[in-house]
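Work through the exercises below with the coordinates open. Each task is followed by a solution in steps.

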Amino acid sequence: MNDRYDPQQIEKKWQEHWEQEALFKVSTDPSLPKFYCLEMFPYPSGRIHMGHTRNYVIGDVIARYKKMQGFNVLHPMGWDAFGMPAENAAIKHGVQPADWTYDNISLMKAQIKKIGLSYDWDREIATSDPEYYRWNQWFFLKMLKKGLAYKKSSFVNWCPSCETVLANEQVISGLCWRCDTTVTQKEFDQWFFKITSFADELLKDCDSLSGWPERVVTMQRNWIGRSEGVEVEFKVEGADEAIKVFTTRQDTLYGATFVSIARKHPLVRKLVNDKKIMARIEALSEDPGGKEGVFTGSYAVNPLNGERLPVWASNFVLMEYGTGAIMAVPAHDQRDFEFASTYGLPVKVVIAPPPLCFAKRSSGGIRGQAITKAYEDDGVLVNSARFSGLRSDEARSRIAEFLEKEALGRRVVNYKLRDWGISRQRYWGTPIPVVYCDSCGIVPVPEDELPVILPTKVPVTGTGIPSLSEIKDFTGTRCPSCGGTARRETDTMDTFVDSSWYFLRYCSPKTGDRPVDPEAVSYWMPVDQYIGGIEHAVLHLLYSRFFTKVLKEIGIIAYGEPFKRLLTQGMVIKDGAKMSKSKGNVVDPDYLITKYGVDTVRLFCLFAAPPEKDLDWSDQGVEGASRFLSRVWTLVHRHHALLSGREDTQNIFSQMSSRASGLLRKTHQTIKRVTNDIERNYHFNTAIASLMELVNEISACTPSEADDTKLLRFSIRQCVLLLSPLAPHIAEELWSALGHDRSILHEAWPVWDEKLTMEDEIELVIQINGKLRSRVMIHAGLDDDTVKERAFNDPKIAGLMKGKTIKKVVVVKGKLVNIVV
RNA sequence: GCCGCUGUGGCGGAAUUGGCAGACGCGCACGACUCAAAAUCGUGUGGGGAAACCCGUGUCGGUUCGACUCCGACCAGCGGCACCA
């Protein structure tokens, strides 16, 4: 054994060993309990960064830990290989997007392999592989048949920089999720997935996601945005039209003073004949800041009280939500209030705050004073005819009932969630498998003609890549229905389609005749632990849940939720900011691995913070991690002669020095702590801290009595076993130095003996009135009276107690005595 | 504006159920080894104070024998949503 820890030498050796022994290859084996551990697969940008490293290391520790616990562990890796950057790189460097992508994959794979991750590389997939994306096309056809995929023209989000449309989830605060360009609206004919027909199920099943961080579940619930209300028809005076309005506040119906409809509402054209008015409506600002509107000249009738309400076209009513029209109640809706104030429209109070003592904020208005802002809370109805005097919640159901009975309206549920637009006007993606025929219209490509292959040799120029529509070999085809000439759909699919089911493909990546092998999927799924960034809280995670539900409906899989537990790891921060090229605070994993060895990098990533929190990068902290591993190495080296080649059959120690018996207890306590820290939300930082304590204690121990050596051997072995998922290379090397032939991965995870974790002496804390006054060592397990006696006998306490009367004495077993005077 | 999360030494972070605040590490200081330095090892390290002691988990209040932990109000920082009717 070398006297110095040399990570470069041992890491390479063990990585080769693992590969030769095929240690991470797994197969379906129903006789074994399974564990599916998955990290979000990367986009092959070319280089691994610290965020990837942290993500994969966390997953690797979990996978190795579960394997040692006897689970059959599926731990795969692959590539989210379609997407824009390949096109940009192609333009910049004059290469084929496909070549660029596959080159990056091999570069990144080599980098990832240096981290020593326990992947079954036989299951590697790349979404740009025709054998993968053909199933995207296959799912699309199934969904088309079921009416879950459809084409429609609508205003959609357009990113001028990416030159493609974006789904709602992909617009973050008005900016493109990928390039931060301001998104505009553009009318497009495009394909949608009907995610809204699963809105209720997606929402309801949020309740079952107990293994997910609560905030992610909340974000999904909010995104789906279910709200219950009523649709009410307001007849247009003097016309054969009615304006359908959606509201959740039917209790404020009597307070409506005007009706407001979206600029793009189809009724606008019908109601407005005056060209001047029409021009003013069209000129309304798109800026969501200021509320603007134009009186259409028409009036609508409130179905409850027959009042005439002016109809306004305004810029703050969304066409996409509800019915695209609202009843405006300025007294009880802040937006309507602002609008009414601007245009001098009346304000009519119909909800009075509950008795004053409960009112949070009163904004006046009850006795005719001018109000300063809308009262939006619930209260008691006033000025509402037969409904006056009811509480808001009661009034909502009574009015809804009444509207339904009189056929004036009906109860409805609305969602904020919109259908998922999946067409992308880009080259590097999955071709959408339909053709357009002049006589037959839209015709799906027959299943047996899949995959529709994306051409991988395209004319790349310095200014751009042609869209598929410009590649004649691709577009020209014949109609599968009539055999006549036809042209292919030239939009490709959103890459989020690719990542919505890749975790299923890993279960049987080579299955050729169908997307997944049902047996493999029913054994491995769902994913037991999924790990990735919080940025996908709605995007990828929502789409994957949707896809899972669709696949269940199609009959491919039997369950409805893909990810049992989710861990959203924090960002890697340096100098107070997320690592980025522009900030110049990037730390290169490769450089660190060369300098310190990957075990050090792994250990630091795990030790510096619990996985869900941001990790503050510290170069000195890395030194500390490196120092710790060297200390473990030195420790084994120091006792090497005593330790190697002996395997104790039983760990019973009768003759021990007192120091050694303390070490036995510490060892069992450490096994317990490390195990519990991993089980309890993967808190590797505290697990490592307790391992450090154990190493410190072993280092302080010099064997003297007969069994001391045996115990030392036991403690060091346990220590190496506990360290092995965290820093696997050094653990393997030390394990072999300790005289073992086979990989430490075959060893069982250590178990502790609860009896041996108990302290036989404890430090009793003595408080007077809750303040710490003294401490005394006592035997564990003494009864309360004896403990009290010991406390009062303590000279310091006796002195302080002089002349005081005892009111009460509280004894907490094994911990403290509090004397109240 | 609404919803959510987080506030603990010089720094990263600990503290199972309300029971010794600051585990472990970094940094710093001193010491050993060395001609010297690095590395390594050892000791110390929340603040104040010579000490006894006092103060201390964002702020203020409450519950309790006892509060980083529970309750109420507020302040600060971060994140999500933002005309969703």
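The exercises that follow concern a predicted model.

**Exercise 1. Overall description**

Task: State the secondary structure content, the extent and the buried share of chain A.

Solution.
1. Chain A contains 27 helices and 32 strands.
2. The C-alpha trace of chain A spans about 105 × 90 × 50 Å along its principal axes.
3. Chain A has 821 residues, and 54% of them count as buried.

**Exercise 2. An aromatic pair**

Task: Classify the aromatic pair formed by Phe-246 and Tyr-321, and determine which parts of the chain it ties together.

Solution.
1. Ring centres within 6.5 Å make a pair, and the count by this rule comes to 45 aromatic pairs.
2. For Phe-246 and Tyr-321, the centre-to-centre distance is 6.2 Å and the angle between the planes is 75 degrees.
3. Planes over 60 degrees apart count as edge-to-face, so the pair of Phe-246 and Tyr-321 is edge-to-face.
4. Phe-246 belongs to strand 9 (residues 242–247), while Tyr-321 is in the loop between strand 12 (308–314) and strand 13 (325–328); the pair therefore ties together parts that are 75 residues apart in sequence.
5. Buried means under 20% relative accessible area. With 9% relative accessibility, Phe-246 counts as buried, whereas Tyr-321, at 24%, counts as partly exposed.

**Exercise 3. Charges over rings**

Task: Over which rings do the charged ends of Arg-134 and Lys-264 sit?

Solution.
1. The charged end of Arg-134 sits over the ring of Trp-135, at 4.7 Å from the ring centre.
2. In the case of Lys-264, the charged end sits over the ring of Phe-155, and the distance to the centre is 4.3 Å.

**Exercise 4. An open sheet**

Task: Given the strand order 20-19-22-21, identify the edge strands and describe the pairing.

Solution.
1. The sheet is open and has 4 strands with antiparallel pairing.
2. Strand 20 (441–444) and strand 21 (476–478) are at the edges; each has a single partner strand, so one side of each is left without a neighbour in the sheet.
3. From one strand to the next, the twist averages 40 degrees.
4. Strand 19 (residues 434–437) pairs with strand 20 in the antiparallel sense over 4 bridges. Val-434 has Pro-444 in strand 20 as its bridge partner.

**Exercise 5. Internal cavities**

Task: Give the number of cavities of 30 Å³ or more, then describe the lining of the largest cavity.

Solution.
1. The structure holds 3 cavities of 30 Å³ or more.
2. The volume of the largest cavity is about 130 Å³.
3. Its lining consists of 16 residues; those nearest the centre are Met-84, Arg-178, Arg-424, Arg-426 and Thr-495.
4. Helix 3 (84–93), strand 4 (164–166) and strand 23 (492–493) are the elements that give two or more residues to this lining.

**Exercise 6. Backbone geometry**

Task: Locate the cis peptide bonds that precede Pro-451 and Pro-526, and the positive phi values of Ala-22 and Asn-681.

Solution.
1. Most residues other than glycine have a negative phi, and most peptide bonds are trans.
2. The bond from Leu-450 to Pro-451 is cis, with omega near 0 degrees; Pro-451 is in the loop between strand 20 and helix 12 (472–475).
3. Met-525 and Pro-526 are joined by a cis peptide bond with omega about -5 degrees. Pro-526 is placed in the loop between helix 15 (518–524) and strand 24 (529–533).
4. Ala-22 has a positive phi near 50 degrees, and is in the loop between helix 1 (7–21) and strand 1 (34–39).
5. Asn-681 has a positive phi near 60 degrees, and is in the loop between helix 21 (658–679) and helix 22 (684–699).

Conventions
Residues are numbered from 1 along each chain as its sequence is written. Chains are lettered from A and ligands numbered from 1 in the order in which they are written. This is a predicted model: local features need pLDDT of at least 70, side-chain atom pairs count only at pLDDT 80 or more; totals for chains, interfaces and linings use all residues. Side-chain values use heavy atoms; hydrogens and water are left out. Rings of Phe, Tyr and Trp (its six-membered ring) pair if their centres lie within 6.5 Å; planes under 30 degrees apart count as stacked, over 60 as edge-to-face and the rest as tilted. Buried means under 20% relative accessible area, exposed over 50%, partly exposed in between (1.4 Å probe, protein chains only). A charge sits over a ring if NZ of Lys or CZ of Arg is within 6 Å of the ring centre and within 35 degrees of the ring normal. Two strands pair if DSSP finds at least two bridges between them. Axes are lines fitted to C-alpha atoms, for helices over the stretch in contact, and angles run from 0 to 180 degrees between N-to-C directions. On a 1 Å grid over the protein atoms alone, a cavity is a set of points where a 1.4 Å probe fits but cannot get out, and a pocket is an open set with protein on both sides within 12 Å along at least five of seven lines; lining residues have an atom within 4 Å of a point. Grid points are joined across faces, edges and corners, and a volume is the space filled by probe spheres set on the points.
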